[in-house]
Amino acid sequence: MPKGKRKGKYEHRRTEQEYSSEEDAGIDMTNDNYSETSGQSDLKSIHDEGENDSQEKLEEKVLEIIDGLSARANAARASALVSLRAALQRRYLAPVLSNQRATLADHVARALRRGRDAERRAAAAVAPLLALQIGEEGTEEFMAEVRPALVAACTDKTSSLETRAECCSSLAALCYLLEEDVNEILEIMQMYETIFSSCYLKGDGSVKVSGAAVEEGAWCGAALDAWSVLLGGLPAPAAQHALQAAPPGWARLPGLLRAAALDVRLAAGAALAVAHEAAPHLAERPHELLDLLEQLARDSHKYRAKRDRKLQRATFRDILKYFEEDAAPSVAVRVGAETLQCDTWAALGAYAALAAALGAGLQALAPHARPLRAALGLDDVLPADALPKAKLNKLQRVTQQTFHNEHNGHSVLLRPLYRCMCVMLQHLQNTAACKARTLARNKNRDKRSAALAL
């Protein structure tokens, strides 16, 4: 021992010795005793146990979050709604939520009516996910209770502009997914029109420029985007009737391109493209409109932010190309193992609205939720080869690759790595078993403590 180094308190009791080889450790690494088949079965069993454990933990956590929705503090309820949205984006939990339909609908509607800004915003964000997760049997009751609360929250002047914009976007996604009554959709579109009507041109054709018009730009833009999403989802006769008999119509939409807020201008351009697709014989393309689109596509005014100019030019270049050449942008989107082809402005707007409303839940719910598959234009039945596959962690992927290389004849070069992976796999099994024993022991200990306390 080097000079000055003191022996530990229990240094003399250590009797562990390093194993010189796998044989000394009692592990036989021959292919006869630890074959590829046994290794793969162990890997599969560990992964299945891990998936089951994570699923059970997530379900227990969701039930705890639902209990937290009844908290007295507004901040606690808002936090519970945010946590519920994060949990719903991870897995399909319809079997767990099927027994909580009435409770969840009541909590969301009450938060939208009586909650403060943070609680209302969180309730609006979680509403589309809940509507898809509670099962098809409870969708009608959920819509009947939550939709009127969302409609009222969209125009509630006591809420912040950000909250009202969130409510507009969530209501549009909810109606696009689950609303089948065309008259209800037309009424909601009229409600949206009352919101962005404040951005219309004045009677003399001049633009309304004020601090309120700029501040309310995000709210009016969200309402106009929601209006165009619902317009693209209507049948052709209903869409033509909406453009002819109800405002804004084709006559007032071009005037929104000159609005002071960037969000309104971008939403107006997309709405014009969707309206032209829905009723091409009604939509005229005068030279004034094409000149205005070209001006927006080449805007270089320095009084606008650089990011705003860049986003506006990129958006209106595509819109101008569509009106000049009838060429809509085509985008292929990967949804799990399937590919979604968006080749119309209506499809692009619908996908953008659903992706913003569902977030990561779009990938998790696409294989299971029929309304979502119908809205995206996917097949009713998911192909067998497109079923979602459970992901392996890093250790399992490396072990699987090691087994594959061993099977393909790379045993000479990868023999040390193969042995190391097998030892690590056995260590993982021992750790999982030890953790399960610890959890079971703690549960029994808690029960005994409760019994002794009584």
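The predictor's confidence in each residue is expressed as pLDDT, on a scale from 0 to 100. For the predicted model shown here, the chain averages a pLDDT of 80, and 77% of the residues score at least 70. Residues 9–40 are a stretch to treat with some care, since their pLDDT is below 50. Even there, the model places 31 contacts beyond near neighbours in sequence.

Turning to the overall architecture, the chain contains 20 helices and two strands. Of its 454 residues, 39% are buried. Among contacts with a separation of 6 or more, 69% join residues that lie 24 or more positions apart. The chain exposes about 25,400 Å², and carbon and sulfur atoms supply 51% of that area.

One helix pair offers a convenient place to look more closely. Two packed helices are described by the angle between their axes and the distance between the axes. Here the pair consists of helix 6, spanning residues 139–154, and helix 7, spanning residues 161–178. Their axes come within 9 Å and cross at roughly 150 degrees. Because angles over 145 degrees count as roughly antiparallel, helix 6 is roughly antiparallel to helix 7. The crossing of the two helices is left-handed.

Which residues of helix 6 and helix 7 meet? From helix 6 come Thr139, Met143, Val146, Arg147, Leu150, Val151, Ala153 and Cys154. Helix 7 meets them with Arg164, Cys167, Cys168, Leu171, Leu174, Cys175 and Leu178.

Definitions and conventions:
Residues are numbered from 1 along each chain as its sequence is written. This is a predicted model: local features need pLDDT of at least 70, side-chain atom pairs count only at pLDDT 80 or more; totals for chains, interfaces and linings use all residues. Side-chain values use heavy atoms; hydrogens and water are left out. Helices (H or I, at least four residues) and strands (E, at least two) are DSSP runs, numbered from the N terminus. Buried means under 20% relative accessible area, exposed over 50%, partly exposed in between (1.4 Å probe, protein chains only). Contact means heavy atoms within 4.5 Å. Accessible areas come from the Shrake-Rupley method with a 1.4 Å probe; for residues, only the protein chains shown count as cover. Axes are lines fitted to C-alpha atoms, for helices over the stretch in contact, and angles run from 0 to 180 degrees between N-to-C directions. Angles under 35 degrees count as roughly parallel, over 145 as roughly antiparallel, 65 to 115 as roughly perpendicular and the rest as oblique. A crossing is left-handed if the near helix is turned anticlockwise from the far one by less than a right angle, and right-handed if clockwise.
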